[in-house]
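Colleague: Before we discuss this model, I would like to go through the terms used for it, and to see how each one is earned.

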Amino acid sequence: MTARGLETVELTKSFGGVRAVDAATVTFRHGKVNALIGPNGSGKTTFFNIVTGMIKPDAGRVTYRGRDITGTAPHRVARAGIGRSFQLCRVFPRLTVLENLLAAVRSTGPRAYLAGARNAADVDRARGWLRRVGIEHLERVEARNLSYGQQKLLELAGVLMAEPETIMLDEPAGGVNPALIERIGALVRRLNAEGRTFLIVEHNMEFVMSLSDHVVVFDRGRPVADGPPSVIKSDPRVLAAYLGG
Amino acid sequence: MPSASDTARLAALVAGAALVLCFPLVAPNPYILSAGVVVASYAVLATSWNLVGGFTGYISLGHGAYVGLGAYGTGLLVTKAGVPSFVALLLAAAIVAALAVPIGIASLRVRGASFVIVSISLVLILLLVFQSWRAFTGGSNGLVVPRPFPGLRRPDHHLVFFYLFCALLAAALLAWWLIDRSRFGMGLKAIREDEDKAQSLGTPTFGAKLIAFVVSATFTALGGGLYALWFGDLDPIFQFSILTGAYMVLMALLGGVRHLFGPLLGALVVGTALEFFKLEYGNTQLHLVATGLLLAVVVLFMPEGVIPAGRELYTRFFAAGDSSIREVTAADLRERGDGDAAPATVEVRS
């Protein structure tokens with residue numbers, strides 16, 4: 001019934017002797033808000049990095065909308081329609097807020113690349129996203145001068161500027177105040193209603209459970225449970241994973 | 001939007017260009033004029049270096065390699081193949097551009113200090129090759145490149161080449177300016193800031209770096225080739241010198257790598273200082289000591305270069321009432337508090 005989105009088959013990656021991701025087969029729900037949870041060191045971020053092309057897997061496959069994207073360079077994954085944020089937040093510190101968004105504009109062909117970066121269409125679109133995340137008044141400020149929370153919003157706006165249909169967020173609620181968590185949650189819901197798929201790695205259980213439609217639980221590099229939040233909450237395997245059963 | 005500040009900027013540009021172009025008229029003797037040619041050539045090289053160093057943050061200490069290749073390429077095409085001087089110059093630059101592709105592919109894989117070391121090693125390898133391959137390059141005996149305008153008297157020769165270097169400088173500045181304002185340039189700056197992040201947003205980082213690198217090497221080679229035609233005598237030890245690359249970096253850093261005219265300004269300061277020191281203390285290595293000290297001062301006190309440092313001084317002393325952009329920003333941030341705690345500005349239409 002649902003369209004095919006992001007899927008992995010038997011995805012495996014070892015660092016030294018440790019299997020960070022261990023034959024992980026996961027199917028995310030396209031068009032929904034998916035969450036990836038699990039205790040520290042359960043391989044969530046490694047999984048994230050393999051999917052987005054930052055790390056090459058030892059074995060297994062990643063497909064997106066039926067297309068094999070295993071081991072594809074990060075910019076190609078991005079151009080396939082998958083945007084991502086980083087754990088601990090990454091922005092371009094010495095570029096202004098507006099330039100941070102303009103840097104995410106995608107060009108194809110020499111003419112597009114040589115077009116002015118500050119053309120009216122791109123700038124308008126960038127301002128639109130800044131307005132939506134609520135930092136449009138800061139557009140001329142260098143990103144390094146923003147507060148951590150503002151940088152988080154800027155990163156999100158930058159990801160959105162690239163118009164991805166699937167957005168992977170690595171701990172969007174990490175290290176930010178409750179009001180901002182609320183704001184990010186509302187934004188995710190609204191963007192999802194507009195048709196964007198989310199895949200969120202998060203530790204804040206309340207945030208995850210209130211936001212997501214589908215939860216995948218990782219433990220020791222592989223999924224141990226998945227389902228709607230209401231089911232996951234009471235799943236004994238999840239409790240075991242978190243409490244170290 | 002052609003505002004008042006744009007008009008002022010254009011006026012300053014025209015005035016600056018006029019000042020530079022008038023230099024040969026006020027130069028008291030041919031020696032000073034020839035020093036002016038050297039400084040102009042430094043300005044070309046530093047601006048060319050900045051096409052990769054300033055945009056991508058890849059600090060190449062080995063750009064001397066492209067100076068040498070441009071110079072020897074031009075010289076050898078003229079002497080061995082009988083190609084007309086300026087055709088040889090363009091041909092040599094094209095050859096260097098072609099060579100820069102595989103060199104770039106190999107060296108741009110590594111970042112930071114590793115890239116610096118790889119770039120240095122290239123100069124050293126080329127130095128050895130051009131010294132040892134006597135039959136072709138003339139080795140340490142040097143290579144004499146015939147002058148393109150044999151009928152010209154020496155002062156006129158300097159005059160012509162001063163303007164040729166100025167034309168090349170204008171072309172390099174124009175290239176930098178065009179890239180700076182383009183989407184391509186924005187991608188390069190993103191690479192400088194955070195390469196992985198830039199790639200995750202969809203910038204084909206490797207291709208972008210490579211293009212910037214090749215453009216930079218090509219302009220550098222044109223600078224080297226023009227030098228060969230002007231100076232007329234090439235020696236590997238000077239052409240493939242780490243010092244050339246180090247000067248380029250110093251000049252760009254001193255002026256400010258984020259500014260169009262930063263490297264040019266740096267070349268004016270460092271180039272003039274170098275010529276002065278060579279003139280005054282020619283038999284010593286004092287000019288190198290002075291250069292080293294200057295680099296230390298820049299890195300310690302003006303890490304952003306002279307242009308931003310000067311701007312900051314100006315705002316501190318002359319525009320105290322009219323606070324700087326940075327101050328407005330800080331106040332702005334404070335006034336708006338955290339910004340995050342104000343959900344009133346958020347669009348929540350659920």
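Colleague: What makes the pairing of the sheet with the order 2-1-4-5 in chain A parallel or antiparallel, and how many strands form the sheet?

Modeller: First a caution: this is a predicted model, in which local features need pLDDT of at least 70 and side-chain atom pairs count only at pLDDT 80 or more, while totals for chains, interfaces and linings use all residues. Residues are numbered from 1 along each chain as its sequence is written, and chains are lettered from A and ligands numbered from 1 in the order in which they are written. The sheet is an open one of four strands, and its pairing is antiparallel. Strands here are DSSP runs of E with at least two residues, helices are runs of H or I with at least four, and both are numbered from the N terminus.

Colleague: How do you know that strand 1 and strand 2 of chain A pair?

Modeller: Two strands pair if DSSP finds at least two bridges between them. Strand 1 (residues 6-15) and strand 2 of chain A have six bridges, in the antiparallel sense, so they count as paired. One of the partnerships links K13(A) with V21(A) in strand 2 of chain A.

Colleague: Which strands are called edge strands in the open sheet of chain A with the order 6-7-8-3-9-10?

Modeller: In that sheet of six strands, where the pairing is mixed, the edge strands are strand 6 (82-84) and strand 10 (222-227) of chain A, each pairing on one side only. Strand 6 of chain A is joined to strand 7 (residues 166-170) of chain A by three bridges, and the two run parallel; R84(A) has M168(A) in strand 7 of chain A as its bridge partner.

Colleague: Why is helix 13 of chain B called roughly antiparallel to helix 14 of chain B?

Modeller: Helix 13 (residues 262-280) and helix 14 (residues 286-301) of chain B pack at about 150°, with axes 9 Å apart. Axes are lines fitted to C-alpha atoms, for helices over the stretch in contact, and angles run from 0 to 180 degrees between N-to-C directions. Angles under 35 degrees count as roughly parallel, over 145 as roughly antiparallel, 65 to 115 as roughly perpendicular and the rest as oblique, and therefore helix 13 of chain B is roughly antiparallel to helix 14 of chain B.

Colleague: Which residues of helix 13 and helix 14 of chain B meet?

Modeller: Contact requires C-beta atoms, placed from the backbone, within 7 Å. Among the residues that meet are V270(B) and F277(B) in helix 13 of chain B, and L286(B) and L294(B) in helix 14 of chain B.

How values were computed
Two residues are in contact if their C-beta atoms, placed from the backbone, lie within 7 Å.
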